[in-house]
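I opened the file to go through helix packing, sheet order and backbone oddities. My notes follow in the order I looked things up.

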Amino acid sequence: SVQPCDDFYQYVCGPWMAANPIPPDQATWSRFDELREHNRSVLRDILEQASANNRSRLPVEREIGDFYASCMDESAIDSKGIAALKPEIDRIDALASKSALVEQVAHLHSLGVHVLFQFDSTQDFKNSSEVIAEADQGGLGLPERDYYFKQDAKSVEIREKYVAHVQKMFELLGRPPQQAAAAAKVVMQIETALAKGSLDRVSRRDPAKLYHRWPEQRLTSLTPSFAWPKYLEGVHAPAIQDVNVAVPDFFQEMQALIDATSLDNWKAYLTWHLVHEEAPLLPAAFVSEDFNFFSKTLRGAKELRPRWKRCVDFTDAELGEALGQEYVKRAFPPEAKQRTLKTVHELEIALGRDISQLDWMTPATKKQALLKLHAIANKIGYPDKWRDYSSVRIVRGDALGNIMRADAFEFHRQLEKIGKPVNRSEWLMTPSTVNAYYDAQMNNVNFPAGILQPPFFYSKADDAVNFGGIGAVIGHELTHGFDDEGRQFDAQGNLRDWWTLQDGKEFEKRAACVADEYSQFTPVDDARINGKLTLGENTADNGGLRIAYMALLSSLAGKEPARIDGFTPEQRLFLNWGAVWCTNMTDQYARLMVNTNPHSPGRFRVNGVVSNMPEFQKAFACKAGQPMAPKNRCHVW
């Protein structure tokens, strides 16, 4: 009932959306979620087999199997109550002075509880071969700093419900209602102050705003009330000379907050973040209350997900490369890796041709852009060397302890990178993840085995379908190297302006067109897409599909294959581009997404891109002025 030139997303996705309502345990349901559910079932089968407690298990099977079995043992978790967490609560309650706050923050960070700020390792922005320490903003419970300040009715309501949620969690810990209410109010006050010093998500997209390499002593002088040498000793950090202080204003605000806040109030704040972090593996009452706010109120889910799904996800998050070894054996044969690599190379050739043919870029900048493109490394499926988790003590029956020890392993693994050579073979996603990414400092593209499955990649489908799915995803990630953020890094991954002044202006003009275009899209009520927050992803979507189209034409080499199901290859490319983004979502989730997510909702990823492509209008014979064939179009890459 809908024509492709009027609303291509509805034309492609309407039947799927009608047949796939949002499951009650979800806030959104998409083709991504379908694939995640499929992968999750594969992982469940692996974990169920590995959790059988027998002596013949391999060490890796014991690790993942005992972790999963402990998570699944809900009756044991409920019978323990908060006993597993009580030593940590008692430790906070025993703080005798504000000077002891430093050691407690260090201890909580080591357990994966990100109170007050974040501390990590990072590649130096201007010397990507060097790994240095980084201190960054953090310590919030709500999704983003603006949640603490927006005055619209929905934002005010969410803050009120958040405070009520924090109070209920304190009550579950055994605090009297009046004391719990006071503690919740304190938490909100402290987090609001931390939010005040934080950068918003749009500002954080500018790497120059996040780079302040300072000697460690300068950070100490900025926050004299927080003894950094004692903190570094507490987290067992290696010798540190310099720190990237990502947001200096945040630490200035933190300093004032430490001085102005009483020890008792700090205890309330630390206790809240401890119980919030560990709630999913506490007794059922904590799990339910955590769901009520973070999944029901913020996202619109109606029911708690089945426990097996949660435990599969926990295992994948904490021991992902141990679990991933068996996943790739089952789901990603060697021939799939080779075909994906071939497709990547075809997309790289297309992007190189696109850069060479640009009429708005000078030869000098084109040369640098091509050098960067040719330097991009490709990582397909899974790591060449699997991560070793043997130092993580997994105790069957100790779900909370297992996840704390796994978090501690990861925290210290990151800190141990400081001062060592960069490991360019490392992955930031697990093999079963349905996603992909471009790393600007590594200058590489990464495609986990989890996304190299239908509907993105079909091992036996025609090239047109695969170019519209995984081909466009590959093109998307390659284009990230040249979006408003990625373009600021050179071929070696260093923050360096390699553009001529004129070319930079030409790029900004075209990027502004994309930002303005998407800022007009309204997914729900009065909540518009933030075109500046989503600029990088929207640029990558537009560039990715365009170069996938170019790669398809090259593969056809001027031939016109017979139609399949009545559609030309060009049409099939666009059809699968639309199909991979089919989504149903709750209004709550849509509102959360436009406030926090750098990606546009699926409808606008589809229609926004095809309406910018004359190639689409030609493929479907759209007439000028139809919604998918507007007079004004945006085009960067």
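**Entry 1. A helix pair.** I began with helix H7 (residues 153-172) and helix H8 (residues 177-196). They pack at an angle of about 130°, and their axes are 8 Å apart. This is a predicted model, and I read every entry below with that in mind. How should I class the orientation of H7 and H8? They are oblique to each other, because the angle of about 130° does not reach the antiparallel class, which takes angles over 145 degrees. I then checked the hand: H7 passes H8 in a right-handed crossing.

Next I listed the contacts. On the H7 side I found Arg-159, Tyr-162, Val-163, Val-166, Gln-167, Phe-170 and Glu-171. On the H8 side they meet Pro-177, Ala-180, Ala-181, Ala-183, Ala-184, Lys-185, Val-187, Met-188 and Glu-191. A reminder to myself on spacing: an α-helix has 3.6 residues a turn, so residues three or four places apart point the same way. I kept that in mind while reading the H7 list, which includes Arg-159, Val-163, Val-166 and Phe-170.

**Entry 2. A second helix pair.** I moved to helix H5 (residues 86-93) and helix H6 (residues 101-110). Their axes come within 11 Å and cross at roughly 160°. That makes H5 roughly antiparallel to H6. The contact is made by Glu-88, Arg-91 and Ile-92 of H5 with Glu-103, Gln-104, His-107 and Leu-108 of H6. I noted the crossing of H5 and H6 as left-handed.

**Entry 3. The sheet.** In what order do the four strands lie? I read S2-S3-S5-S4, an open sheet with mixed pairing. Strand S2 (117-124) and strand S4 (213-215) stand at the edges. Each has a single partner strand, so one side of each is left without a neighbour in the sheet. I also looked up the twist: neighbouring strands are turned by 40° against each other on average, direction ignored.

I took the pairings one at a time. S2 and S3 pair in the antiparallel sense over eight bridges. A hairpin joins the two strands through two residues. Within this pairing, Thr-122 stands opposite Ile-132 in S3.

Strand S3 (residues 127-137) and strand S5 (residues 242-245) run parallel, joined by three bridges. I picked out one bridge there: Glu-134 has Asn-244 in S5 as its partner. The antiparallel S2-S3 pairing and the parallel S3-S5 pairing fit the mixed label.

Is S3 mostly covered or mostly open? It is mostly covered, with eight of its 11 residues buried.

**Entry 4. A helix length check.** I tested helix H12 (residues 263-278) against the usual rise. At 1.5 Å a residue, its 16 residues should span 22 Å. I found the end C-alpha atoms 23 Å apart, which agrees. H12 is also mostly covered: 13 of its 16 residues are buried.

**Entry 5. Backbone oddities.** I scanned for positive phi outside glycine. His-236 has a phi of about 60° and is not a glycine. I placed His-236 in the loop between helix H10 (228-234) and S5. Is His-236 buried or exposed? It is exposed, because its relative accessible area is 62% and the cut-off for exposed is over 50%.

Ala-621 is another case, with a positive phi of about 55°. I found Ala-621 in the segment after helix H24 (614-619). Ala-621 is exposed too, at a relative accessible area of 61%.

I also looked for cis peptides. The bond from Pro-454 to Pro-455 is cis, with omega near 10°. Pro-455 is in the loop between strand S8 (444-448) and helix H18 (463-480).

**Entry 6. A histidine in H18.** I stayed with this helix and turned to His-480, which lies in H18. His-480 is buried, with a relative accessible area of 10%. What does His-480 touch, not counting residues up to four places away in sequence? I listed Tyr-438, Gly-486, Gly-536, Glu-537 and Ala-540. I also looked up one pair of C-alpha atoms. Those of His-480 and Asp-439 are separated by 8.6 Å, although the two residues are 41 residues apart along the chain.

Terms used. Residues are numbered from 1 along each chain as its sequence is written. This is a predicted model: local features need pLDDT of at least 70, side-chain atom pairs count only at pLDDT 80 or more; totals for chains, interfaces and linings use all residues. Side-chain values use heavy atoms; hydrogens and water are left out. Two strands pair if DSSP finds at least two bridges between them. Axes are lines fitted to C-alpha atoms, for helices over the stretch in contact, and angles run from 0 to 180 degrees between N-to-C directions. The expected span of a helix is 1.5 Å times one less than its number of residues. Buried means under 20% relative accessible area, exposed over 50%, partly exposed in between (1.4 Å probe, protein chains only). Angles under 35 degrees count as roughly parallel, over 145 as roughly antiparallel, 65 to 115 as roughly perpendicular and the rest as oblique. A crossing is left-handed if the near helix is turned anticlockwise from the far one by less than a right angle, and right-handed if clockwise. Contact means heavy atoms within 4.5 Å.
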